[in-house]
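Biologist: Before any term is accepted, I should like to hear the criterion behind it. Please take me through the model on that basis.

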Amino acid sequence: MLFRKNIEKCCANCTHSGKVNDTAYICTRKGMVSPGHHCWRFKYDPLKRVPAKKDPTDFSKYDDVDFSL
């Protein structure tokens with residue numbers, strides 16, 4: 001859900017910030033900040049959101065018969 005109402009406010013998802021490295025972002029309003037930082041000018045950018053990875057599917061419960069035509 002990209003446009004849900006309860007987005008966690010953090011500089012990693014803000015339009016005013018850019019990633020410098022894994023531990024720092026540069027904000028046009030506040031300068032160098034941590035990824036979890038946020039200010040009152042937070043504006044959500046859905047293109048900066050990194051979705052969570054799905055758990056890998058467990059194929060051990062299937063037999064060779066299930067994969068044959």
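**Criteria and conclusions**

Modeller: Cysteine 27 has glycine 31 in E3 as its bridge partner. The model is predicted, so local features need pLDDT of at least 70 and side-chain atom pairs count only at pLDDT 80 or more, while totals for chains, interfaces and linings use all residues. Residues are numbered from 1 along each chain as its sequence is written, and side-chain values use heavy atoms, with hydrogens and water left out.

Biologist: What makes E2 and E3 a pair of strands?

Modeller: Two strands pair if DSSP finds at least two bridges between them. Strand E2 (residues 24–27) and E3 have three bridges, in the antiparallel sense, so the definition is met.

Biologist: Which strands stand at the edges of the sheet, and why?

Modeller: The open sheet has three strands in the order E1-E2-E3, with antiparallel pairing. Strand E1 (17–21) and strand E3 (31–33) each have a single partner strand, so one side of each lacks a neighbour in the sheet. Neighbouring strands are turned by 30° against each other on average, direction ignored; the axes behind this angle are lines fitted to C-alpha atoms.

Biologist: How many helices and strands are counted in the protein?

Modeller: There are zero helices and three strands. Helices are DSSP runs of H or I with at least four residues, and strands are runs of E with at least two.

Biologist: Why is the protein called more spread out than a compact globule?

Modeller: The radius of gyration, taken over C-alpha atoms, is set against a globule rule of 2.2 Å times the number of residues to the power 0.38. For 69 residues the rule gives 11 Å, and the protein's value of 19 Å is well over that, so it is more spread out than a compact globule. Along its principal axes, the C-alpha trace spans about 60 × 25 × 15 Å.

Biologist: Why does aspartate 45 count as buried?

Modeller: Buried means under 20% relative accessible area, exposed over 50%, and partly exposed in between, with a 1.4 Å probe and protein chains only. Aspartate 45 has 17% relative accessibility and therefore counts as buried. Leaving aside neighbours within four places in sequence, aspartate 45 is in contact (heavy atoms within 4.5 Å) with Asn13, Cys14 and Thr15.

Biologist: Which residues form the largest nonpolar core?

Modeller: The six residues are Cys10, Cys11, Ala12, Tyr25, Cys27 and Val33. Such a core is a set of buried Ala, Val, Leu, Ile, Met, Phe, Trp, Tyr and Cys residues joined through side-chain atoms within 4.5 Å.

Terms used
Axes are lines fitted to C-alpha atoms, for helices over the stretch in contact, and angles run from 0 to 180 degrees between N-to-C directions.
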